[in-house]
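User: Hi, I'm new to reading protein models and could use a hand. Could we go through this one together with a few questions?

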Amino acid sequence: MAFRFRLCPNDTTAVLKEMFNATPLRVPEASVKPLLVIAEKDGKTDKRGELLPLLEGKTKLKIEWHEDPVSDINLEKTRSVNWDFGFKILEGFFQGFNIPGASVANKMSAAKEISLSFKNVRRRWIDKNELGTALKNRHIDLTHPSLGLFLGDDPWNMLLVTDVIVSNGFAINNESSTDAGFEAQIPAIQQIVNEANAKVQVKKENKNSITFEGADSLTFAFSCVKLEVNPATGALTVGTTVVTRSTEQGVVEVEEPEPVELDENVENAGMLEWD
């Protein structure tokens, strides 16, 4: 299943869901970005690569990428959790940044409770209506060897990433003590990181906080829409829903692209792992 690890109710995942319809990743990675195709069926997910190679003609899609800072405090710092549970979350983050998690954890295990902070959080996105325009008169190459998964009597859903939340680092905050235990371990932790050839700098935020800052931003959460494929012609459309809007002329119904909810568990959000 795609969601093997679930979190208690918290403000961080709630904001990701409410503001961006975003699904958090257990292991952050750079390859999850707008226009990535995902196959989904019965709770299973599989990354399939970029959309362009699947299209006829291979003419580049005329879609502008946007990037904005994200400043919501609930995305910048999480609630405090006990060390054992916190380390289960950190395992994925360490893996994403190629940091030996177990070795680093041994240097920090004196902390009883921790919180996490995210650095330089940004949103990279494409306009969903612009996506619909760009796909007009474009067709999937039905002869492409990778298309079989999305065709036939029991096809998988074709999803397309439209938004990602990225960050180039995170901090671990010791919420249970005011001693200098974290500060004293920074040289040893940096040595562990260096020996692993991870392109990460270990910095002191304050005496009870250690920051891991990478050279590149990784995706921590993403949003997607469903692409509808005509099995006869290969024509593509973006899945839509009808919503009500208040206008000067009154309440009207409009059709707009529908974000896909990968996780139906609202209370205990899951962190997605690829199948």
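User: Which strand does Ala171 lie in?

Analyst: Before we start, keep in mind that this is a predicted model. Now look up position 171 in the chain: strand 9 runs over 157–174. So Ala171 belongs to strand 9.

User: Is Ala171 buried or exposed?

Analyst: The cut-off to know here is that buried means under 20% relative accessible area. Ala171 comes in at 0% relative accessibility, so the label for Ala171 is buried.

User: Which residues does Ala171 touch, not counting residues up to four places away in sequence?

Analyst: One partner to look at is Ser117, which is 54 residues from Ala171 along the chain. Even so, the C-alpha atoms of the two are separated by 4.9 Å. With sequence neighbours up to four places away left out, the full list for Ala171 is Ser115, Leu116, Ser117, Lys119, Ser209, Ile210 and Thr211.

User: Let's zoom out. What share of the contacts with a separation of 6 or more is between residues 24 or more positions apart?

Analyst: Some background on the whole protein helps: there are 6 helices and 15 strands, and the C-alpha trace spans about 65 × 50 × 30 Å along its principal axes. Of the 275 residues, 45% are buried. As for the contacts with a separation of 6 or more, the share from residues 24 or more positions apart is 78%.

User: How do helix 3 and helix 4 cross, and at roughly what angle?

Analyst: Helix 3 covers residues 83–96 and helix 4 covers residues 101–108, and their axes come within 10 Å. Helix 3 passes helix 4 in a right-handed crossing. The angle between the axes is roughly 145°.

User: Which residues make that contact, and how do they divide by class?

Analyst: From helix 3 come Trp83, Phe87 and Phe94, while helix 4 brings Gly101, Ala102, Val104, Ala105 and Met108. Sorted by class, the residues of this contact of helix 3 with helix 4 come to 7 nonpolar, 1 polar and no charged.

User: Where does the lining of the largest pocket come from, and how much space lies in that pocket?

Analyst: Helix 1, strand 2, helix 3, strand 7 and strand 9 each supply at least two residues of the lining. There are 26 lining residues, and the closest to the centre of the pocket are Leu7, Thr12, Thr13, Thr78 and Phe118. By class, the lining has 18 nonpolar, 7 polar and 1 charged residues. The space in this pocket is about 410 Å³.

User: How many cavities of 30 Å³ or more are there, and what is the volume of the largest cavity?

Analyst: The count at that size is 1 cavity. Residues lining the largest cavity include Thr13, Lys17 and Asp263, and helix 1 and strand 2 each supply at least two residues of the lining. The lining divides into 3 nonpolar, 4 polar and 2 charged residues. The volume of the largest cavity is about 50 Å³.

User: What is unusual about phi in Asp42, and what value does phi have there?

Analyst: Most residues other than glycine have a negative phi. Asp42 sits in the loop between strand 3 and strand 4, and with a relative accessible area of 65% it is exposed. Phi of Asp42 is positive, though Asp42 is not a glycine, and lies near 50°.

User: Where does Asn120 lie?

Analyst: Asn120 is another non-glycine residue with a positive phi, about 50°. To place Asn120, look past strand 7, which covers 113–119. Asn120 is in the loop between strand 7 and strand 8.

Key
Residues numbered from 1 in each chain as written. Predicted model: local features only at pLDDT ≥ 70, side-chain atom pairs only at ≥ 80, totals over all residues. Heavy atoms only, no water. Axes fitted to C-alpha atoms, helices over the stretch in contact; angles between N-to-C directions. Helix = DSSP H or I, 4+ residues; strand = E, 2+ residues; numbered from the N terminus. Left-handed = near helix turned anticlockwise from the far one by under 90°. Contact = heavy atoms within 4.5 Å. Nonpolar A, V, L, I, M, F, W, Y, C, P; charged D, E, K, R; others polar. 1 Å grid on protein atoms, 1.4 Å probe; cavity = no way out; pocket = protein on both sides within 12 Å on 5 of 7 lines; lining within 4 Å. Points joined across faces, edges and corners; volume = space filled by probe spheres on them. Buried < 20%, exposed > 50% of the residue type's maximum accessible area, 1.4 Å probe, protein only.
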